[in-house]
Amino acid sequence: EKQVPHPQENLCPPRVLLFPLPEQGHVNRMLKLAEVLALAGLHVTFLTTPFIHNRLTRHNDIETRFASYPGFLLKTISDGLPEDHPRSGERKMELFISLNTVTKRLLKHMLATHQLGSNLSPSVSCIIADGTLAGFTTDIATELQIPILHFHGFCACAFWACSSIPNLIVTGELPVRDMDKLVTGVSGMESFLRFRDLPSFCRASDTKDPILQGIARETRHISRGQGLILHTFEELEGPILSHIRTKYPNIYSIAPIHTHLKLKLKLKHANKEVSSQPFNSLFEIDRTCMTWLDAQPLNSVIYVSFGSTTVMTNDQLMEFWYGLVKSKQRFLWAIRHDMVHIQGEGDDGKNNIPAELTEGTKERGYMVGWAPQEEVLEHPSVCGFLTHSGMNSILESIMAGVPMICWPYHADQQVISRCVSVMWKIGLDMKDVCERNIVEKMVNDLMVERREEFQKAVDDYRRLAIKSVSEGGSSYSNLDRLIQDIHKMND
Ligand code: UDX
């Protein structure tokens, strides 16, 4: 079966289909790329599941946001799961299985029957699929003869570590025996990568573990596509990108995508600052924290957020809370309603919160369910970030010039937090530890004791990132090349 060309083909801009993994971090960067491509005049179809689409439309005026782009389509495809399925935590594997079977079938049919185009540009001339869904999307693209690129949200170091999993298994370095030993089988990272810093999937006790095997497989499938878009920039990870190019020759390193979008929107609106209406949030944003931040002294607040998927126990929550209160620093904490995993009946932590915590929080802290993170990080009162080290968060923090403490939860975050502390030296790594005294010490190290050192390092990377997205810079040129290559695919 081949996607039959439509008679009007070549008369209008190419249509590109973007298909993220249905999760906040992935939707976030993919939707920003979608708008950047639309601003460049391409016709875009953004495809996601009803589960995500409904949350996007509930919390953002997404239809209005994209109405001004000719040919922009928001489409949905079923993930094959019942509406009330959690699609996260221990049941996330069921989402992957269903995407690889039900969604695969539907996607092939929708592409072959032009259901993802418009009257003007009916067929898709390029697919940009999430790197974590490389297997089935590449199967379909190959069968229908549509060029495919993959967008991977991991930093280069984390992606390279995932590519090295088969090698680590063959040489016997996996399963892990000593967490603190250096890994030898990830080239270019031998001097600093410990087993503790490998992507979380590598902690499986059996190398036949389905998640470990799945990650290795999806990463391998990426080489069957026409190119790989990575959410990093040359000046941040140049040496590792060179290693990756030996296996994946066509790399577009285009980060930070949120900065490209800001700059391009500013250009479109004749240099006026564009208001930052939310358009990609899956949670209800609580903006009251901005008023609270306005009332705090300059450079006095640490922002705390563990992203969209981190889950912690009530005990861990309390350790963080104690640490923050004991540090005597001001803090703004975004605590998702589903972030704390309650252990046992009645242990919801609400009835027995010690007075010193509530008092300390009233004095110096503020909590919301979900914050406007990019704006928060750019607020002049904020000078530190306690983060789970998702790559979006790290890039947003670099661009805001805010040093960070990393408490990685899963996936690529273990690698990223190591890079933050020993490679980029823009913060501290609190990996695998959750104790109030350590939290307290690290917050004070970041905000007081070692503040200048971290501030200087993050400012240096910020400058490099700005250069990279400016005309002639590496991310700017890679993005430009990506757009040109999509045009060529339509020829
Ligand atoms: C992360 C990784 O990106 C992904 O590659 C990995 O596989 C799973 O974990 P996530 O937890 O969503 O995903 O973190 P991150 O990449 O940092 O993205 C979170 C996004 O949500 C950021 O863009 C951040 O600005 C936004 N956010 C977070 C808010 O807008 N408000 C909040 O309160 C918290």
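Visitor: Let's start with the ligand. Which residues come nearest among the 22 around the ligand?
Guide: Gly 25, Gly 307, Gln 373, Gly 390 and Ser 393 come nearest, out of 22 residues around the ligand. Three elements give two or more residues to that shell: α1, α14 (373-378) and α15 (391-400). Keep in mind that this is a predicted model.

Visitor: Which element gives the largest share of the shell around the ligand?
Guide: That is α15, with four residues. Sorted by class, the shell has 13 polar, six nonpolar and three charged residues.

Visitor: Now the sheets. What is the strand order in the open sheet of six strands, and how do the strands pair?
Guide: Read across, the order is β12-β10-β8-β13-β14-β15, and the pairing is parallel. The edge positions belong to β12 (365-368) and β15 (427-429); each has a single partner strand, so one side of each has no neighbour in the sheet. On average, neighbouring strands here are turned by 15° against each other, direction ignored.

Visitor: How many bridges join β8 to β13?
Guide: Five bridges join β8 (residues 301-305) to β13 (residues 382-387), and the two strands run parallel. To find the register, take Val 301: its bridge partner in β13 is Val 382.

Visitor: And side chains along a strand, where do they point?
Guide: In a regular strand they alternate between the two faces of the sheet.

Visitor: What is the order in the open sheet of seven strands?
Guide: That one runs β3-β2-β1-β4-β5-β6-β7, with parallel pairing. At its edges stand β3 (73-76) and β7 (251-253), each with a single partner strand, so each has one side left without a neighbour in the sheet. From one strand to the next, the twist averages 20°.

Visitor: How is β7 joined to β6?
Guide: Through three bridges, with β6 (residues 227-230) and β7 running parallel. Within that pair, Ile 229 has Tyr 252 of β7 as its bridge partner.

Visitor: Let me move to β4. Is β4 mostly covered or mostly uncovered?
Guide: Mostly covered: five of its five residues are buried. As for its partners, β1 (residues 15-19) pairs with β4 in the parallel sense over four bridges, and Phe 19 stands opposite Ala 129. β5 (residues 148-152) also pairs with β4 in the parallel sense, over four bridges. Here the bridge partner of Ile 128 is Leu 149 in β5.

Visitor: Which residues have the most contacts inside the largest nonpolar core?
Guide: Leu 18, Ile 127, Cys 157, Leu 332 and Ile 405, in a core of 133 residues. Helix α1 (residues 24-39) supplies the largest share of this core, eight residues. For a close look at one member, try Ile 127: leaving out residues up to four places away in sequence, Ile 127 touches Leu 17, Phe 19, Thr 137, Ala 141, Ile 146 and Ile 148.

Visitor: Why is helix α16 said to be largely enclosed by the rest of the structure?
Guide: Because nine of the eleven residues of α16 (residues 413-423) are buried. Among them are Gln 413, Val 415, Ile 416, Arg 418 and Cys 419. The cover over the buried residues of α16 includes α6 (156-163), α15, β14 (404-406) and β15. After α16 comes Lys 425, with a positive phi near 55°.

Visitor: Loops next. Is Asn 119 buried or exposed?
Guide: Count the neighbours: a residue is exposed if 12 or fewer other C-beta atoms lie within 10 Å of its own. Asn 119 has 10 of them, so Asn 119 is exposed. Asn 119 sits in the loop between α4 (92-112) and β4 (126-130). Its C-alpha atom is separated by 9.0 Å from that of Gly 71, 48 residues apart along the chain.

Visitor: What about Gly 185, buried or exposed?
Guide: Buried, because 20 other C-beta atoms lie within 10 Å, and 20 or more is the cut-off for that label. Gly 185 is in the loop between α7 (165-170) and α8 (210-221). Setting aside neighbours within four places in sequence, the contacts of Gly 185 are Ser 164, Asn 167, Leu 168, Thr 171 and Glu 173. With Thr 171, the separation is 14 residues in sequence and 7.9 Å in space, C-alpha to C-alpha.

Notes:
Residues are numbered from 1 along each chain as its sequence is written. This is a predicted model: local features need pLDDT of at least 70, side-chain atom pairs count only at pLDDT 80 or more; totals for chains, interfaces and linings use all residues. A nonpolar core is a set of buried Ala, Val, Leu, Ile, Met, Phe, Trp, Tyr and Cys residues joined through C-beta atoms within 7 Å. Two residues are in contact if their C-beta atoms, placed from the backbone, lie within 7 Å. A residue is near a molecule or strand if its C-beta atom, placed from the backbone, lies within 6 Å of it. Ala, Val, Leu, Ile, Met, Phe, Trp, Tyr, Cys and Pro count as nonpolar, Asp, Glu, Lys and Arg as charged, and the others, Gly among them, as polar. Two strands pair if DSSP finds at least two bridges between them. Axes are lines fitted to C-alpha atoms, for helices over the stretch in contact, and angles run from 0 to 180 degrees between N-to-C directions.
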